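Q: Hey, could you walk me through this model? I'd like to get a feel for how its pieces pack.

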Amino acid sequence: MAGSQDAEPDQQLQELIGGPADVSAAQNPAPTGLTRRQMLHDQEQRLLDQERRLVDKGSHAVDRMRATAAGTFWSRLNAIDFMNSSLQFAALAVLVLFPFLVVVSAESGGDARNALILRLGLDKQAAQDVDQLMSSGRHAVTTLGIIGAAVVLLGALGIASTLQVWYQRVYDQPPAHNLVRQLADRFLWLGGMVLYLALQDFAFTNLKPVGGARVPTDVATFVLAVAFYWWTPHVLLLGRVGWRRLFPVGVATAVCVTGLGVFSNLLFSSQIVSSATDYGPIGVVMILLSYLIGLGVCIHLGAVAGRIWNERGSEPPADPEELPEVVDR
């Protein structure tokens, strides 16, 4: 009995001592789980903060890039959808401009094939591939009726309309309301284009290379291109943009077009021969389409470069919605 009574206080003391430890051990898992969740939450928050900082840095980098001249140039080109427009220009040129030029060349006693060959700087073998692809156009002239001539002419006016829309986008000009003046200026541009191509053909035919290089021809075609692409937006914009503002457009476009001519002179002959061997006549068409796409890109580049040049050191361009109403002359 005595031993049992003595053991009871010891047991009670042990329970008192061990009780808090047991309670603490039983409560440990709950704080541990909360701590883990808190750690995961903190880690997730840190990752979100890092992501937010990276996004902010990327946004600032994009803003700085857009603020540069190159960024502004690229943004302007994308704003006018230059690549899709150039693809449409190439397709339209094949469908409507080539027939018009073939007919006009044949009617004047020339041959559009020779003009195209000289303009691209093709060698003899590539020239033969182009000759097989196209005809001289004399048969088309003899069989062309009034309706056919009207269709060819209206198709060529479609090129003038396309360029007119391009320049309106670049210079934030609304469409003209004077349809008679608009149509008259498109006819005027079409006549100017024929004269420009005729002068180019004269330069290609009569100016001889120096040391195997087409330097005299390139210089002459560059001067002609400056004049033509300076005059073109002035006419198609119905004189609403002054000559002084359009001169950089003419120079920039002439640089791009002349560069395209040098590029075609160096590479297109081999490309045409290779494509004709691999794919037949459709391969030649593919190369010609690539040249026309490049020409469309050059016109876009020149127009945007000229507009940006005008804005250097001047006031920011006005919002198109805030422009005053245009009165057609």
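**Helix packing**

A: Happy to! Helix 6 and helix 11 are oblique to each other, a word for angles that are not under 35 degrees (roughly parallel), over 145 (roughly antiparallel) or 65 to 115 (roughly perpendicular). This is a predicted model, where local features need pLDDT of at least 70 and side-chain atom pairs count only at pLDDT 80 or more, while totals for chains, interfaces and linings use all residues. Residues are numbered from 1 along each chain as its sequence is written, and side-chain values use heavy atoms, with hydrogens and water left out.

Q: At what angle do helix 6 and helix 11 pack, and how far apart are their axes?
A: The angle is about 55 degrees and the axes are 8 Å apart. Axes here are lines fitted to C-alpha atoms, for helices over the stretch in contact, and angles run from 0 to 180 degrees between N-to-C directions.

Q: Left-handed or right-handed, that crossing of helix 6 and helix 11?
A: Left-handed, which applies if the near helix is turned anticlockwise from the far one by less than a right angle; clockwise would be right-handed.

Q: Which residues make the contact?
A: Helix 6 brings Gln125, Ala126, Asp129 and Val130, and helix 11 brings Ser269, Ile272, Val273 and Ala276. Contact means heavy atoms within 4.5 Å. By class, five of the residues in the contact of helix 6 with helix 11 are nonpolar, two polar and one charged. Nonpolar covers Ala, Val, Leu, Ile, Met, Phe, Trp, Tyr, Cys and Pro, charged covers Asp, Glu, Lys and Arg, and the others, Gly among them, are polar.

Q: Staying in helix 11, is serine 275 buried or exposed?
A: Serine 275 counts as buried, at 10% relative accessibility. The cut-offs are under 20% relative accessible area for buried, over 50% for exposed and partly exposed in between (1.4 Å probe, protein chains only). Leaving aside residues up to four places away in sequence, serine 275 touches Gly280, Gly283, Val284 and Ile287.

Q: And what does threonine 258 touch?
A: Threonine 258, also in helix 11 (residues 243-279), touches Asp218 and Phe222, again not counting residues up to four places away in sequence. Threonine 258 is buried too, with a relative accessible area of 16%.

Q: Let's switch. How do helix 8 and helix 10 cross?
A: The axes of helix 8 (residues 146-170) and helix 10 (residues 215-236) come within 9 Å and cross at roughly 85 degrees, so helix 8 and helix 10 are roughly perpendicular. Ala160, Leu163, Gln164 and Tyr167 in helix 8 meet Tyr229, Thr232, Pro233 and Leu236 in helix 10. That contact of helix 8 with helix 10 has six nonpolar, two polar and no charged residues.

Q: What about helix 5 and helix 6?
A: Helix 5 (residues 112-120) packs on helix 6 (residues 124-133) at about 145 degrees, with axes 10 Å apart, and the crossing is right-handed. Arg113, Leu116 and Ile117 of helix 5 meet Ala127, Val130 and Asp131 of helix 6.

Q: Where is helix 4 kinked?
A: The kink in helix 4 (residues 82-107) is centred on alanine 93 and is about 45 degrees. The bend at a residue is the angle between axes fitted to the seven residues ending there and the seven starting there. Just after helix 4, glycine 109 has a positive phi of about 90 degrees.

Q: Last one: how many helices and strands are there?
A: Twelve helices and zero strands, where helices (H or I, at least four residues) and strands (E, at least two) are DSSP runs, numbered from the N terminus. Of the 329 residues, 36% count as buried.
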